[in-house]
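Biologist: I would like a close look at one part of this chain, the place where its helices cross one another. Please set that part in the context of the whole fold, and take your time over it.

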Amino acid sequence: MPFRLPASRINWTNSAFLIGTFVVTLTAVPVYLWYCGMDGFQVALFLFFFIGTGLSITLGYHRLFSHVAFQAKWPVRLVTLVFGAAAFENSAMHWVSDHRRHHKHVDHADDPYDISQGFWYAHMGWILFKLDAEIPLDNIQDLRKDRLVMLQDRFYVTIAVGFGLLLPALLGYLHSGWMGALGGFLLAGVARVTAVQHMTFFINSLCHTIGGQPYSDRCSARDSWIMAIFTFGEGYHNYHHEFQHDYRNGVKWWQWDPTKWSIWTLEKLHLVNGLRRVPEEKVLLSQLADTRRRLNARLACKKTVLNERLRELLQTSDAKLHQLGERWAALKAQYADKADALKTEYTERAMAQYEEAKAALAEIRREVQQALKLLELVPEAA
Ligand SMILES: [Zn+2]
Ligand SMILES: [Zn+2]
């Protein structure tokens, strides 16, 4: 049967814009660069709009408005709403509503960018073929109280065109006349819109396809440092799906996450507050559970040929992790029970228990690392 596009389901406005900007980026942009080149001003203009709109999506639309991972004062909300619109990814209200449904129904039919419907569907197919019938915005009651968000939704197209395409053209014109305007429009405008859009789309496609799952295999989300580089730190997507309210996606201090560093810096400038962090112990216990799951999967897999020594090592490692988990649970229960009394009455005992808990966590951390190294030695199933 010949392939037929479901014409009745195509969202023509979205499709024309997405394909139009993509085609202009591949045709008119190289022609402009060939004849006019790109001076330092145009490079700076491109980077300013790329970083400004990219961060407005990751820091503003995603971590602030979708997940309320921190509270922001009006200047931060205003700037991220204006530059977020200039990324041409819909108004914050619609973006957040889609994204919250993604987390709630991930990998299922009600997930707007459901990866189980294929890589291209999750990447951009869902936008091209979106039905025009409006999905009720019933999961964003909190945003309706924010006047700036409501205003952005009302004037979305004007703000997007004004700040996303006309402003770069105007700045280019002020710098070097009409050719500068054309350069600003094509480079910091159209090419930048294409780059930021596909960067965001990659989070829905590649971040649910490539990378590891160090925290959980409950859903398809994956951690990948390569993706983090292209997505302002959003590539640690396995962690994000497990702990979505954390303002960090790259939870380790060394993980590349410019969005978390920007939020941290804004906190120092008193522009944001109430940064939410998942306690380190909780993250570690989740890693411990996941490592045990993997050890068990390898031990149970009949297709994996294990020599006796390796099998023994895996079993010992699993038993050790199990023991550590139990010890931690007991320590925690003991500590939680008497925490208040310990704080006021038996300071020395409290300190001793605290030290014991800390030592147990350090041991869990070490054992998890060793188990992961051990798993690397195990041959993949044939
Ligand atoms: Zn996701
Ligand atoms: Zn999210």
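Modeller: What follows goes from the whole chain to the helix crossings, and then to a few single residues.

The model is a predicted one, and every value below was computed from it. The secondary structure of the protein chain comes to 15 helices and 2 strands, and its C-alpha trace spans about 75 × 60 × 45 Å along the principal axes. Of the 382 residues in the chain, 36% are buried. Among the contacts with a separation of 6 or more, 68% join residues that are 24 or more positions apart.

The domain assignment divides the chain into domain 1 (7–273) and domain 2 (280–377), and the centres of these two domains, taken over C-alpha atoms, are separated by 38 Å. Their contact takes 5 residues from domain 1 and 4 residues from domain 2, and the side that domain 1 contributes has 3 nonpolar, 1 polar and 1 charged residues.

Turning to the crossings, helix H3, which covers residues 40–66, packs against helix H12, residues 258–268, at an angle of about 70 degrees, and the axes of the two are 10 Å apart. Because angles of 65 to 115 degrees count as roughly perpendicular, H3 is placed roughly perpendicular to H12. On the H3 side the contact is made by Leu55, Thr58, Leu59 and Arg63, which meet Thr259, Ser262 and Ile263 in H12. By class, the residues of this contact divide into 3 nonpolar, 3 polar and 1 charged.

A second crossing brings helix H1 (residues 12–26) against helix H9 (residues 156–204), at an angle of about 115 degrees and with axes 9 Å apart; the crossing of H1 and H9 is left-handed. Here Thr21, Phe22, Val24 and Thr25 in H1 meet Val190, Ala191, Val193 and Thr194 in H9, and this contact has 5 nonpolar, 3 polar and no charged residues.

Two loop residues deserve a closer reading for their backbone. Most residues other than glycine have a negative phi. Val68, in the loop between H3 and strand S1 (71–72), has a positive phi near 45 degrees, and Phe232, in the loop between helix H10 (225–230) and helix H11 (237–242), has a positive phi near 55 degrees. The surroundings of the two can be set out in turn. Val68 counts as partly exposed because it has 17 C-beta neighbours inside 10 Å, a count between the limits of 12 or fewer for exposed and 20 or more for buried. Phe232 has 26 other C-beta atoms within 10 Å and is therefore buried.

The last residue to consider is Gln369, which lies in helix H15 (residues 347–377). With 12 C-beta neighbours inside 10 Å, Gln369 counts as exposed. Gln369 and Gln287 are 82 residues apart in sequence, while the distance between them in space is 9.8 Å, C-alpha to C-alpha.

Note on methods: Residues numbered from 1 in each chain as written. Chains lettered and ligands numbered in written order. Predicted model: local features only at pLDDT ≥ 70, side-chain atom pairs only at ≥ 80, totals over all residues. Axes fitted to C-alpha atoms, helices over the stretch in contact; angles between N-to-C directions. Helix = DSSP H or I, 4+ residues; strand = E, 2+ residues; numbered from the N terminus. Parallel < 35°, antiparallel > 145°, perpendicular 65-115°, else oblique. Contact = placed C-beta atoms within 7 Å. Nonpolar A, V, L, I, M, F, W, Y, C, P; charged D, E, K, R; others polar. Domains from an automatic or database assignment. Left-handed = near helix turned anticlockwise from the far one by under 90°.
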